[in-house]
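Biologist: I am new to this structure and would love a close look at a single part of it. Please start with one pair of charged side chains, and then show me how that part fits into the rest.

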Amino acid sequence: MKIAVSSCLLGEKIRFDGGHKHDHFVTDELGRFAEFIPFCPEHLAFGTPRPSIRLLRSENQLFVQSNKDQADLTERLLETSRDELSKISNEPLCGIIFKSKSPSCGLSSAKTYLDNGFCEGKEDGIFAAMCRERYPLLPMEEEGRLQDPWLRENFVMQLFAYDAYEQFKASDPTLNDLVRFHTTYKFMLQAKDEKLYRELGNIVANRNNLNFEILLAMYELGFKTAISRKSSIKKTRNVLEHLAGFFKNELTKEEKKILHSHISDFADKIIPLIVPLSTISLYAQKYNTTYLLGQTFLNPYPKTLALRSHITAGK
Ligand code: SF4
């Protein structure tokens, strides 16, 4: 899996002051499963070290201004941002991780200033805006937001699902393969967006006998949109209850009681999601419920990332 990442997050001493912003979750955790494609439009434009810059909104237009002598650096940064975009576009990316608050890389977090020096608000940095336009469905996050366990879990789930879809698409699939792919993602999609989950089910059913290429394009749009949605404790609880229903004829009274108490304790934020999921996996193995064992929802990414082991990973 290839992920484009702001170079300074990888520990490269490339910031305006010659420093870095090494992010250990990115390099040490995600790095075990991903190859990184670094980018830094500012280093390319102005070298390192360099005077800091800021975004200026004047007469409804966005400019890049030097904090040192107020020089207009817009064209130069646009040019190197286009170069970096073209570089990362040569790669089969599954996501982008940006450095927050940067006038180039900030994702909705780059401050913009007015002519009078006041801060006007926050928006995408120059490079981040280009990436958003070029890749509307690609998983994208900032390292700042990834400190939040809930956003982190959602983003990692999205990355791995995106990668799985790209691999599936590259395998020259048939309609039967699409049905199988959709089946394994059913509960994960339901935990993300119930409405889209149903729409995707209708697409796969192909009642209007659409051409497969059209069908696959419709599925891709719906799938990538659904996985970009955030799960919630309420939606996850519904899915857990649904999964528990698969064992209603097999479980003893005592086993049912244990499973439902785990689900309620998760909903009450007393225990993390991994507990009811482990109980469900255990019963699925004990009663050989192969349909559930194949569900990505139970194992959406490598378990060593342990992102569902924190109570704060649910909201
Ligand atoms: S331009 Fe982006 S990658 Fe380069 S130092 Fe600034 S935040 Fe980091």
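Modeller: A charged pair and its surroundings

K169 forms a salt bridge with E220, and their closest N and O atoms are 3.1 Å apart. K169 lies in helix 5 (residues 149-170) and E220 in helix 8, so the pair ties together parts that are 51 residues apart in sequence. By salt bridge I mean a side-chain nitrogen of Lys or Arg within 4 Å of a carboxyl oxygen of Asp or Glu. Helices (H or I, at least four residues) and strands (E, at least two) are DSSP runs, numbered from the N terminus.

Before we go further, a word on what you are looking at. This is a predicted model, where local features need pLDDT of at least 70 and side-chain atom pairs count only at pLDDT 80 or more, while totals for chains, interfaces and linings use all residues. Residues are numbered from 1 along each chain as its sequence is written, and side-chain values use heavy atoms, with hydrogens and water left out.

Back to our pair, whose two ends differ in cover. E220 is buried, because its relative accessible area is 17%, and buried means under 20%, exposed over 50% and partly exposed in between (1.4 Å probe, protein chains only). K169 has a relative accessible area of 32%, so it is partly exposed.

A second pair sits within a single helix: K195 forms a salt bridge with E199, with the closest N and O atoms 3.3 Å apart. K195 counts as exposed because its relative accessibility is 60%, while E199 is partly exposed at 37%. Both K195 and E199 belong to helix 7, 4 residues apart, which is about one turn of the helix. Our starting pair, meanwhile, has company: salt bridges that share partners join E166, K169, E220 and K224 into one network.

For a third example, look at R132 and D124, where the salt bridge has its closest N and O atoms 2.6 Å apart. Here D124 is buried, with a relative accessible area of 14%, whereas R132 counts as partly exposed at 37%. Searching the whole structure turns up 22 salt bridges.

Helix 8 also leads us to the surface. L210 is placed in the loop between helix 7 (194-205) and helix 8 (212-228), and its relative accessible area of 32% makes it partly exposed. L210, I214 and M218 form a nonpolar surface patch with about 240 Å² of accessible area together. Patches are made of residues with over 30% relative accessible area and no salt bridge, joining like charges within 9 Å and nonpolar side chains (Val, Leu, Ile, Met, Phe, Trp, Tyr) within 5 Å. The areas come from the Shrake-Rupley method with a 1.4 Å probe, and for residues only the protein chains shown count as cover.

A patch of another kind gathers K21, K101, K111 and K122 as positive charge on the surface. One of them, K122, is found in strand 7 (residues 119-123) and is exposed, with a relative accessible area of 58%. Lys and Arg count as positive and Asp and Glu as negative, with His and the chain ends not counted; each charge is placed at NZ of Lys, CZ of Arg, CG of Asp or CD of Glu.

For contrast, try a covered residue. Q295 is in the segment after helix 12 (290-293), and it counts as buried because its relative accessibility is 3%. Leaving out residues up to four places away in sequence, Q295 touches T183, T184, Y185, K186 and F187, where contact means heavy atoms within 4.5 Å.

Finally, step back to the chain that holds these parts. It has 12 helices and 8 strands, and 49% of its 315 residues are buried. Its C-alpha trace spans about 75 × 50 × 35 Å along the principal axes. The chain carries 42 positive and 40 negative side chains, and the centres of the two sets lie 6 Å apart. Among contacts between residues at least 6 apart in sequence, 67% join residues at least 24 apart.
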